[in-house]
Amino acid sequence: MLLKEIAEKLSLKTFTPQVEMAKDVKGGYTSDLLSDVMGASKEGDLWITLQTHKNIVAVASLRELSAIILVKGFEPDRDTVEAATAENIPLLGTDLQTFEISGRLYNLLK
Amino acid sequence: MLTEYNVEGGDFTRAGYASSQIKKTLKNLNISPEIIKRVVVALYEAEVNIVAHAFKGVISADISNSGIKLVLEDEGPGIPDIDMAMTKGYSTASSRVREMGFGAGMGLPNIKDNADRFNIVSRVGEGTRVTIEIDFAG
C-alpha cells in the first residue's frame, strides 16, 4: 500500500511536508531499540517508535525503511526533522500508543 | 581504495556518517543490496560503539574487488572481558545511551553475525580495535 494512503487511513500527521509520500510500504516494524531495528527490520518497512532523536533518521536511511511513525503525540527534535527532510525519510506522527497504531497498521497491510 | 573517518566519542549527532558514506560508495560500485545491508549493519553498530564508549576513534575502510575490510580503532576504556561483551544482552552503556535506544547488548553480536571474519582486540585503559571483513562474492 502507498504510504500516502496509509497516512490518510490512519490520520497520521506529517513533520516533513516536503518529503515524497508516494512510496510503497511492504510491512512494518515496531521497536525502540535501534540495534534491533538495524538487525531485524526489512527494507521498505514502516517503523513505529517513541524515539524522537536524530539517530532514528540514520537508522531508517541506512536500512532503507519507508518512513517513521512517532507514537503518543511525541514531537521530533528539530535536528531530527532537518535530517529526515535531507535524507527523504517521511517523519509521521500519531496520538495513538504503540500497541494501537501497530495493530491498525497490521490490519491495513495484512 | 582506502578511506578514513574520524569518530568523536559522545557525539551522537554524527553517528552513522561513516556508514552512510560507505553505503553510497558500495552502491556506486554495484555491490549487491544483501552484501551492502550486512556491511551497513555491522559498521553502524561498530561506529555507535565508539560514540557510546570511547573518547575518539578512526574508521578505515579498504574496498577491493573481493570485499571490504573495516578497521575501527578507538582510544577508550577498553573491554576487560571480551567473551562477556560478546554475549547478547550484556551491556555497559550509560543510562543516557540506553534511553536513546542504544546499548541493548546487541551491537557486537550483530557485528559478528554480519561479518565473514570478525576480530576484536582490546587493552583496558587504552582502547579497542575491531576488524570486520565482508566478502563481495557468495
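Modeller: Two residues are in contact when heavy atoms of theirs lie within 4.5 Å. By that rule, in this predicted model, 18 residues of chain A are in contact with 20 residues of chain B.

Colleague: What area is buried between chain A and chain B?

Modeller: About 1,600 Å² is buried between the two chains, and carbon and sulfur atoms give 54% of that area. Three residues, S35(A), N55(A) and L62(A), supply 35% of what chain A buries against chain B, more than any other three residues.

Colleague: How many residue pairs are in polar contact across the interface of chain A and chain B?

Modeller: The rule finds 12 such pairs, both residues being at pLDDT 80 or more. On the side of chain A that touches chain B, helix 2 (34-40) and helix 3 (55-62) each supply at least two residues. Sorted by class, that side has 6 nonpolar, 6 polar and 6 charged residues.

Colleague: Charged residues bring me to salt bridges. How many does the rule find across the interface of chain A and chain B?

Modeller: There are 2 across this interface. In general, side chains of opposite charge can pair when their charged atoms come close.

Colleague: What makes the pair E64(A) and K23(B) a salt bridge?

Modeller: The cut-off is 4 Å between a side-chain nitrogen of Lys or Arg and a carboxyl oxygen of Asp or Glu. The closest N and O atoms of E64(A) and K23(B) are 3.0 Å apart. That value is within the limit of 4 Å, so the pair counts as a salt bridge.

Colleague: How do you know that the side chains of E64(A) and K27(B) meet in a salt bridge?

Modeller: The same test applies: from N to O, E64(A) and K27(B) are 2.8 Å apart, and that is within 4 Å, so the name fits. E64(A) lies in the loop between helix 3 and strand 4 of chain A, while K27(B) lies in helix 1 (residues 17-28) of chain B, so this pair joins two chains.

Colleague: Which residues are linked with E64(A) in a network of salt bridges?

Modeller: K23(B) and K27(B) are linked with E64(A) in that network.

Colleague: Why is E64(A) called partly exposed?

Modeller: Buried means under 20% relative accessible area and exposed means over 50%, with partly exposed in between. E64(A) has 28%, so it falls in the middle class. K27(B), at 43%, is partly exposed as well.

Colleague: What else can you tell me about the backbone of E64(A), for example its phi?

Modeller: Phi of E64(A) is near 55°, a positive value in a residue other than glycine. S11(A) also has a positive phi, near 50°, and is not glycine either. You will find S11(A) in the loop between helix 1 (3-9) and strand 1 (13-14) of chain A.

Colleague: And S11(A), is that residue buried or exposed?

Modeller: Its relative accessibility is 60%, which is over 50%, so S11(A) counts as exposed.

Colleague: Let us look at the sheet of chain A. Which order do its 5 strands have?

Modeller: The order is 1-5-4-3-2, in an open sheet with mixed pairing.

Colleague: Why do strand 1 and strand 2 (27-30) of chain A each have a side without a neighbour in the sheet?

Modeller: Both stand at the edges, and each has a single partner strand, so one side of each is left without a neighbour.

Colleague: How do you know that strand 4 and strand 5 (residues 91-93) of chain A pair?

Modeller: A pair needs at least two bridges. These two strands have 3 bridges, in the parallel sense, so they pass. One bridge partner in strand 5 is L91(A), which goes with I68(A).

Colleague: What makes R129(B) and E73(B) a salt bridge?

Modeller: Their N to O distance is 3.8 Å, which is within 4 Å, so they qualify. R129(B) sits in strand 5 (residues 127-135) of chain B and E73(B) in strand 3 (residues 67-75), 56 residues apart, so the pair links distant parts of the chain.

Colleague: And what separates the closest N and O atoms of R117(B) and E133(B)?

Modeller: They are 3.6 Å apart, and R117(B) forms a salt bridge with E133(B). Here R117(B) belongs to strand 4 (residues 117-123) of chain B and E133(B) to strand 5, with their positions 16 residues apart in the count.

Technical notes: Residues are numbered from 1 along each chain as its sequence is written. Chains are lettered from A and ligands numbered from 1 in the order in which they are written. This is a predicted model: local features need pLDDT of at least 70, side-chain atom pairs count only at pLDDT 80 or more; totals for chains, interfaces and linings use all residues. Side-chain values use heavy atoms; hydrogens and water are left out. Buried area is the accessible area (1.4 Å probe) that two parts lose on being put together, summed over both. A polar contact is a pair of N or O atoms within 3.5 Å; within protein, one must be able to donate a hydrogen and the other to accept it, and residues adjacent in sequence count only if both atoms are side-chain atoms. Helices (H or I, at least four residues) and strands (E, at least two) are DSSP runs, numbered from the N terminus. Ala, Val, Leu, Ile, Met, Phe, Trp, Tyr, Cys and Pro count as nonpolar, Asp, Glu, Lys and Arg as charged, and the others, Gly among them, as polar. Buried means under 20% relative accessible area, exposed over 50%, partly exposed in between (1.4 Å probe, protein chains only).
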